[in-house]
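Q: Please take a close look at the metal site in this model. Then carry on to the other local features that can be described.

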Amino acid sequence: MTASNPTTLERYDAAVDALLRMSDDVSDAWDATVADDPGFALGQIGRAYLRCWSTEAADAADARRILDDLGEPKGLTDREGRHLAAARAYADGDLHGAGERLSALSVTYPRDALALAIGHQLDFFCGDAATLRDRIGRALLAWDPTHSHYGFLLGMHAFGLEECGLYPQAEATGMRALEHNARDVWALHAVVHTHEMRGGIQTGLRLLDERRGDWDSGNVLAVHNSWHEALLLLDAGEIGRSLEIYDTSVHHGGSANVALEMLDAAALLWRLHLDGADTGGRWAALAEAWAEKPDLPWYVFNDMHAVMSFVGAGRLDDARAVVDRLAAYVAGGADPSISNLGMTAEVGLPVCAAIVAFGEGRYGDVVDLLHPIRKIVHRFGGSHAQRDAVARTLFEAAIRAGDTDLALALASERLAVKEDSPYNRRQLIRIRSRADDRDSQAA
Ligand SMILES: [Fe+2]
């Protein structure tokens, strides 16, 4: 790489380390790489990547400014030049193109941890489970297992394995990663996902509780892992404890109100909303936080959670306004290389319209909107666990619409993969009792 002094290289190593650990000072660590060496290309590129990682339009604009200021530096190495092209694509909204560029880079330079870590997050935001796993898998052989960063590769690989449904292998790989670094919060997160997906509520809760000191502070994933804990409790029917975690760790007066954390908050409250549970005044505060975000189209997965919050707070006009804005964006002829355009057209817009329909009590319309796209919902990003909010919306709407055949089919499908889920069992009992009522009325 190209740097003007050895200190820059030391700071770069520290910044990569902070990125892999998801330390809460990761932004400062990357800023430090360019403090005495503003022309250090990989430092500026890393700063731009970090801003893109937030999934917020204002930060992407910052990333573009950083890259514009960097310009076209002379004498970059091949690897640096390819990073620059990937970062520019990312900042311009071409998430798929950026991911492809980093994939190609990793074939030539498989030990470039920056390319793997940023590419891995891009796969997550694009909902590409196979690449989430294989981007890391294809680099593993090139790494020395005694390298201090090797464990973080295992952690990333574990999450890819989990999103591909390979739960035992994902769990084992994630636990190996935790042997390398007990504070590898992404690896821990991958293992928690394997329990969430298999209905291993108590195992997941125990794991989080036993290792609490390793994950609940000092990193940027703490809110998300708290959300997972609250989610496991919710599935077990422990609404009070789940809301306690919401109040102390997911969203409260001191929250930074970053979109990636606000969406966790919305996803938890939306599940409660679907169940008809009382969430107090929590929606109002969350909806207000979303209302303060600029309404620029950038990542529709976030917009969906804003719409949930507006509907939850009874701000239906604001929810409808987001849907109208997304419809105008799709119709407006934006650059088709912008990933968010396709994500919005195919998934985000119908999902947001369905959430508004749910808020208006038009449950049949929710089914009509969501059922046709249920197998492509992954295209707008997130994990299986996060997208379950959409699946539950369809499920609940089918029940409320009186579409008992579909509701029973969905219950059967869910129980067939997660038979230990108390939520699934509760829903089945509800549907059967409604079906019995219908039959006795018919008789
Ligand atoms: Fe997660």
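A: The metal site comes first, then a helix pair, then three single residues.

This is a predicted model, where local features need pLDDT of at least 70, side-chain atom pairs count only at pLDDT 80 or more, and totals for chains, interfaces and linings use all residues. Residues are numbered from 1 along each chain as its sequence is written, and side-chain values use heavy atoms, with hydrogens and water left out.

Four histidines coordinate the iron ion: His-189, His-193, His-224 and His-228. Each binds through NE2, at 2.1 to 2.2 Å. Donors here are N, O and S atoms within 2.8 Å of the metal (3.2 Å for Na, K and Ca); water is not among the atoms, so the site may look incomplete. Along the chain the donors follow the spacing H-x3-H-x30-H-x3-H. His-193 sits in helix α11 (residues 185-198) and His-228 in helix α14 (residues 222-235), so this pair ties together parts that are 35 residues apart in sequence. Helices are DSSP runs (H or I, at least four residues), numbered from the N terminus. His-193 and His-228 are both buried. Buried means under 20% relative accessible area, exposed over 50%, and partly exposed in between (1.4 Å probe, protein chains only).

The donor angles run from 88 to 177 degrees, which makes the arrangement irregular. Four donors count as tetrahedral if all angles lie between 85 and 135 degrees; four count as square planar and six as octahedral if opposite donors are over 155 degrees apart and all others between 65 and 115; anything else is irregular.

Next, the helix pair. Helix α2 (residues 26-33) packs on helix α3 (residues 41-53) at about 155 degrees, with axes 8 Å apart. Axes are lines fitted to C-alpha atoms over the stretch in contact, and angles run from 0 to 180 degrees between N-to-C directions. That makes α2 roughly antiparallel to α3 (an angle over 145 degrees). The contact (heavy atoms within 4.5 Å) includes Trp-30 and Asp-31 of α2 and Arg-47 and Leu-50 of α3.

Now the single residues. Met-22 lies in the loop between α1 (6-21) and α2. Its phi is near 55 degrees, a positive value in a residue other than glycine. Met-22 is buried, at 5% relative accessible area. Asn-257 has a positive phi of about 55 degrees and is not a glycine. Asn-257 is in the loop between α15 (239-250) and α16 (259-274), and is partly exposed at 25%. Ser-339 belongs to helix α20 (residues 339-359). Ser-339 counts as buried, at 7% relative accessibility.

Note on methods
Helices (H or I, at least four residues) and strands (E, at least two) are DSSP runs, numbered from the N terminus. Angles under 35 degrees count as roughly parallel, over 145 as roughly antiparallel, 65 to 115 as roughly perpendicular and the rest as oblique.
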